[in-house]
Amino acid sequence: MIRFCRNGASNITIAAMLLVCGTGTAVAQDAAAGDNEQGIQDIIVTAQKRGQSGQDVGITLSVVTGDALAQRGATSVTEITTMVPNVQANYGAGQVAFNVRGIGTNEFSANLDSPVALNLDEVYLSKTFMSGLLLFDIDRVEALKGPQGTLFGRNATGGAINFFTRKPTDTLSVGATASYDNYETIRTEAYVSGPLTDTISARVSGMWVDQGKGWYRNTTLGRRETFEKKWALRGQLQWKGDATTALLTISTGRQTGELIPYEGVGVFTPASLAAGTPVFCPEYLAGQATGATANCVRGTDGGYPGDNDPYTSTNNRPHTVRNKSFGTTLRIEHDLGSSTLTSVTAYQTF
């Protein structure tokens with residue numbers, strides 16, 4: 001992807017992957033030192049492919065900083081929905097599909113694309129299951145609401161959820177967090193960032209999660225299920241010349257364990273199913289059906305599939321996950337004086 005940026009210009013499509021836009025940095029930052037402490041915090045965003053104050057962007061935009069995510073103890077991308085209005089997440093079979101203002105998908109077939117675009121450092125993640133290993137060392141998350149196809153291409157009918165990672169620093173910085181949570185869960189995250197030479201800086205960050213005990217009880221198999229084990233690493237190498245900056249990012253990770261089980265509910269009334277003319281039961285239409293609702297049965301066998309306990313499962317096999325990912329991105333910015341040329345090239349496999 002090549003993007004051409006010129007100060008003060010409006011957004012103009014030059015070619016299939018060539019855009020004209022204003023220049024600016026792509027990091028979240030606090031208000032300038034001289035600003036009124038009583039004013040609104042100024043956050044620089046790239047919702048329009050250029051660095052701008054969030055107060056100056058003429059689209060509906062919500063920003064969640066990495067510090068805010070840490071304060072909430074967010075461990076999954078689904079928790080962003082608790083901090084951004086009009087954004088929901090459908091989660092199932094290890095996939096997170098965002099809905100923005102009611103536009104999205106609730107289909108969990110792995111070969112379908114969501115109408116809400118998911119981007120990591122301006123690189124499009126084409127499938128909903130690619131979000132499980134990205135939530136660490138995050139600088140900010142931008143939720144753009146409404147059609148975003150002009151700047152973000154296809155599959156952005158409902159909007160775009162853009163993740164931006166923290167970048168290498170010019171001074172040495174080291175940090176780590178660790179927690180022991182419910183169900184024998186250990187979570188750790190760490191990073192080290194700083195200069196290697198006068199022109200080269202680097203950042204290495206990673207996360208590791210090991211859950212020893214599942215939080216669902218499978219009454220059919222007589223065991224606990226739903227536990228998470230994953231790790232991910234991200235390395236960044238940045239070179240700054242007089243007019244050119246190059247940033248190389250390499251990331252990898254693995255995710256194993258068991259997913260939240262799918263426990264279906266009955267949808268038809270027993271009488272209508274027996275008569276051969278299935279009719280949806282009132283409880284299902286009202287969103288109140290559970291696995292133990294006798295008035296709602298399955299069309300396959302005429303039975304109701306489970307019980308009224310939301311933390312039990314009756315499946316005859318666990319829902320396992322074995323994912324691995326690798327990605328690399330090269331971002332080059334060249335200052336032409338009155339203009340800046342930006343090139344983003346990426347390869348992702350999952």
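**Figure 1. Overview of the chain in the predicted model.** Among contacts between residues at least 6 apart in sequence, 54% join residues at least 24 apart. The model shown here and in the close-up views that follow is a predicted one. The secondary structure of the chain comes to 4 helices and 22 strands, and buried residues make up 39% of its 350 residues. The accessible surface of the chain amounts to about 18,300 Å², with 53% of this area belonging to carbon and sulfur atoms.

**Figure 2. Close-up of the largest cavity and its lining.** A search of the whole structure finds 2 cavities of 30 Å³ or more, and the largest of them has a volume of about 80 Å³. Its lining consists of Val96, Ala97, Phe98, Ser114, Val116, Leu118, Tyr124, Leu125, Ser126, Lys127 and Thr128. The elements that contribute two or more residues to this lining are strand E8 (95-100), E9 and E10, and the largest share, 3 residues, comes from E8. Sorted by class, the lining of the largest cavity has 7 nonpolar, 3 polar and 1 charged residues.

**Figure 3. Close-up of the second largest cavity, with Ser109 and Thr128 in its lining.** The volume of the second largest cavity is about 30 Å³, and the residues that line it are Gln95, Thr105, Glu107, Ser109, Leu112, Asp113, Ser114 and Thr128. By class, this lining has 1 nonpolar, 5 polar and 2 charged residues. Ser109 is found in the loop between E8 and E9, where it counts as partly exposed at 31% relative accessibility. Although Ser109 and Thr128 are 19 residues apart along the chain, their C-alpha atoms are separated by 9.6 Å.

**Figure 4. Close-up of Asn86 and Asp121, two loop residues with positive phi.** Most residues other than glycine have a negative phi. Asn86, which is not a glycine, nevertheless has a positive phi of about 65 degrees; this residue is placed in the loop between helix H1 (66-72) and strand E7 (87-92). With a relative accessible area of 45%, Asn86 is partly exposed. Asp121, also not a glycine, has a positive phi of about 50 degrees and is placed in the loop between strand E9 (116-120) and strand E10 (123-125). At 19% relative accessibility, Asp121 counts as buried, because the term applies to residues under 20% relative accessible area.

**Figure 5. Close-up of strand E6 and its pairing with strand E11.** The side chains of strand E6 (residues 61-65) alternate along the strand. Ser62 and Val64 point to one face and are buried, whereas Leu61, Val63 and Thr65 point to the other face and are not buried. E6 pairs with strand E11 (residues 138-145) in the antiparallel sense, over 5 bridges. Within this pairing, the bridge partner of Val63 in E11 is Glu142, so that Val63 combines a bridge to Glu142 with a place among the side chains of E6 that are not buried.

**Figure 6. Close-up of the open sheet formed by E17, E16 and E20.** This sheet has 3 strands in the order E17-E16-E20, and its pairing is mixed. Strand E17 (223-225) and strand E20 (312-313) stand at the edges, each with a single partner strand, so that one side of each is left without a neighbour in the sheet. Strands of a sheet pair through backbone hydrogen bonds, either parallel or antiparallel. Strand E16 (residues 216-218) and E17 run antiparallel and are joined by 3 bridges, and Asn218 stands opposite Arg223 in E17.

**Figure 7. Close-up of Thr329 and the residues in contact with it.** Thr329 is placed in strand E21 (residues 320-335) and is buried, with a relative accessible area of 14%. When neighbours within four places in sequence are left aside, the residues in contact with Thr329 are Val123, Leu247, Leu248, Thr249, Val344, Thr345, Ala346 and Gln348.

Terms used. Residues numbered from 1 in each chain as written. Predicted model: local features only at pLDDT ≥ 70, side-chain atom pairs only at ≥ 80, totals over all residues. Heavy atoms only, no water. Buried < 20%, exposed > 50% of the residue type's maximum accessible area, 1.4 Å probe, protein only. Contact = heavy atoms within 4.5 Å. 1 Å grid on protein atoms, 1.4 Å probe; cavity = no way out; pocket = protein on both sides within 12 Å on 5 of 7 lines; lining within 4 Å. Points joined across faces, edges and corners; volume = space filled by probe spheres on them. Nonpolar A, V, L, I, M, F, W, Y, C, P; charged D, E, K, R; others polar. Pairing = 2+ DSSP bridges. Areas by Shrake-Rupley, 256 points an atom, 1.4 Å probe, with all protein chains shown as cover.
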